[in-house]
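Subject: Structure for you to look at

Dear colleague,

I am handing over the structure that I have been going through, and I would be glad if you opened it before reading on. My notes come after it.

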Amino acid sequence: MTPVARNRIIALGALLVAGAGLAFVAFGDIGENLVYYWSPSEMLRQGDKAYTATIRLGGVVQPGSIQWNAEHTTLHFRVADGVQEGAASVLVRSTETPPQMFRDKIGVVVEGTYDKSGVFSSNRLMVNHSNEYRAPKEGEDPNKWRETLSDATTASTGTGAK
Amino acid sequence: MMTLSTLMLLAQVGSGRIQGGWGYVWACYAITIATLALYALSLWVRRPRASPDAKE
Amino acid sequence: MNKFIKWGLLVLALGLLGAGWWLGLAWAPPDREMGDVQRIMYVHVPLQWMAMLAMFINFVAAVAYLFKASWKLDSAAEASAEIGLVLGTAGMITGAIWGRPTWGVYWSWDPRLTSEAIMLVTYTGYLVLRRFVEDPEKRATWSAVVAIIGAINLPIVWFSVRWWRSLHQVQSSPRTVDPEMVLPLRVSAFGMLFITLFFMAVRYRQALAERQAEVALPDALPGDVPMSASHNPSKVA
């Protein structure tokens, strides 16, 4: 065999291996076995299996569910499958200050344990961002909202200091 | 006793907006510029001397 | 390559990067939610795009080498892998820094970050392999095989955010990004493209000079055979 023919066979072999590997990753059920996080409904469906092991739970913050106790830095909120009414949700308790992007309806992933009392104790709270990047809305020009925000901050700092 | 910065942090919970953070921005640009500059330097150090265009 | 084209590339690259970053840092509006931290986009995204481009060039050069062996293709493969690794590493570091204020963490083993890490390890391995194989022809062939198999990382990294659940968001498009942010991103990306091409041109010349010096050696080493007959490379030990 000439070196040229040998190299071409090696090339075809390597491409075949690469293609098969890619197909396995893309169409195999790797995604089923390596799930980065469970949604609330999936976690609840696991029943007892979800207890005690460290797991990740992902979803959106249920609107109106955030309860922040500034004195004890305890945060309670519900992670739901979606923002619609009646979506399955799980109560999460966290003792860390959440990232600044944290708010109602934002996507979150929490790492921690779920127990029989139905509370998910988070020791790592992550917020995920959408793929949208927008300038501040009309009538909300950058400097203005910065002022509004700093006013709000000053105001609440004032209240906190009392 | 809580410091002022802690209180400011606490006040922001639920605001959904990042304030400040220029330090992260500068860090990213500085690291990138440093990486590109160091790589350019490594190319300069490894320049072929024997070849005819080593005179450049 | 013509000297003027080479230095022209560098001037163009620095000009565009400077303009793009100025637009991004001073002219573009902050993001509604991320505020000024969003400006990291104009450095992180071009780095990652160009890393992917360089690694893709590595794949093409590797396939082409096996079909038609030439030191030029082997040198192009070496140059592009090294530059891809440098840009990809910088891209990953800037991504981690962006993650801290946004996600709340520098790192999480989500599919995008994990596959990116595997990709960087693969190309590190590729370059290490090239260092350890002394016979230029064996080195070129073996590393081409590693490059082809390692290239499956590219689509995996790209599609990881679509195939699996991840912390990293899916790709943005001009429809999901305001035009005032798209412009600085485009300008910075072209700047990064030209600096990548400049680095590649310089590194390619170096690699080619090294290869030619190596193949010129057989006169001095009687055990080695020139490339044409080396399908039976019996090393005389």
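Below is what was found, starting with whole chains and ending with single residues.

Please keep in mind throughout that this is a predicted model.

Chains A and C

Chain A contains four helices and six strands, and if you follow the chain from its N terminus the elements come in the order α-α-α-β-β-β-β-β-β-α. Of its 162 residues, 26% count as buried, and among the contacts in chain A with a separation of 6 or more, 46% are between residues 24 or more positions apart. The chain is divided into domain 1, covering residues 3–32, and domain 2, covering residues 36–134, and the centres of these two domains of chain A, taken over C-alpha atoms, are separated by 40 Å.

Chain C, by comparison, is built with seven helices and zero strands, so to speak a plain run of α-α-α-α-α-α-α from the N terminus on. Its C-alpha atoms fill a box of roughly 70 × 45 × 25 Å along the principal axes. Of the 237 residues in chain C, 50% count as buried, and 77% of the contacts between residues at least 6 apart in sequence join residues that are at least 24 apart.

Where the chains meet

What does each chain bring to the contact between chain A and chain C? Chain A gives 41 residues and chain C gives 43 residues. On the side of chain A that touches chain C, the elements giving two or more residues are α1 (3–27) and β6 (119–128) of chain A, and the largest share, 14 residues, comes from α1(A). By residue type, this side of chain A divides into 25 nonpolar, 10 polar and six charged residues.

Chain B also meets chain C, through a pair of helices: the axes of helix α2 of chain B (residues 22–45) and helix α2 of chain C (residues 41–67) come within 9 Å and cross at roughly 40 degrees. This crossing makes α2(B) oblique to α2(C). The residues that make the contact are B:C28, B:Y29 and B:T32 from α2(B), together with C:V43, C:H44 and C:L47 from α2(C), and they divide into four nonpolar, two polar and no charged residues.

Two single residues

The residue A:K105 is found in the loop between β4 (89–94) and β5 (107–114) of chain A. Most residues other than glycine have a negative phi, and yet A:K105, although it is not a glycine, has a positive phi of about 70 degrees. Is A:K105 buried, exposed or partly exposed? A:K105 counts as partly exposed, because it has 13 C-beta neighbours inside 10 Å.

In chain C, you might look at C:G191, which is found in helix α7 (residues 179–216). C:G191 is buried, because 23 other C-beta atoms lie within 10 Å, where 20 or more are needed to count as buried. Leaving aside its neighbours within four places in sequence, C:G191 is in contact with C:A13, C:L16, C:L17 and C:G20. C:G191 and C:R39 are 152 residues apart along the chain, and their C-alpha atoms are separated by 16 Å.

With best wishes

Key: Residues are numbered from 1 along each chain as its sequence is written. Chains are lettered from A and ligands numbered from 1 in the order in which they are written. This is a predicted model: local features need pLDDT of at least 70, side-chain atom pairs count only at pLDDT 80 or more; totals for chains, interfaces and linings use all residues. Axes are lines fitted to C-alpha atoms, for helices over the stretch in contact, and angles run from 0 to 180 degrees between N-to-C directions. Angles under 35 degrees count as roughly parallel, over 145 as roughly antiparallel, 65 to 115 as roughly perpendicular and the rest as oblique. Two residues are in contact if their C-beta atoms, placed from the backbone, lie within 7 Å. Ala, Val, Leu, Ile, Met, Phe, Trp, Tyr, Cys and Pro count as nonpolar, Asp, Glu, Lys and Arg as charged, and the others, Gly among them, as polar. Domain bounds come from an automatic or database domain assignment. A residue is buried if 20 or more other C-beta atoms lie within 10 Å of its own, exposed if 12 or fewer, and partly exposed in between; C-beta atoms are placed from the backbone.
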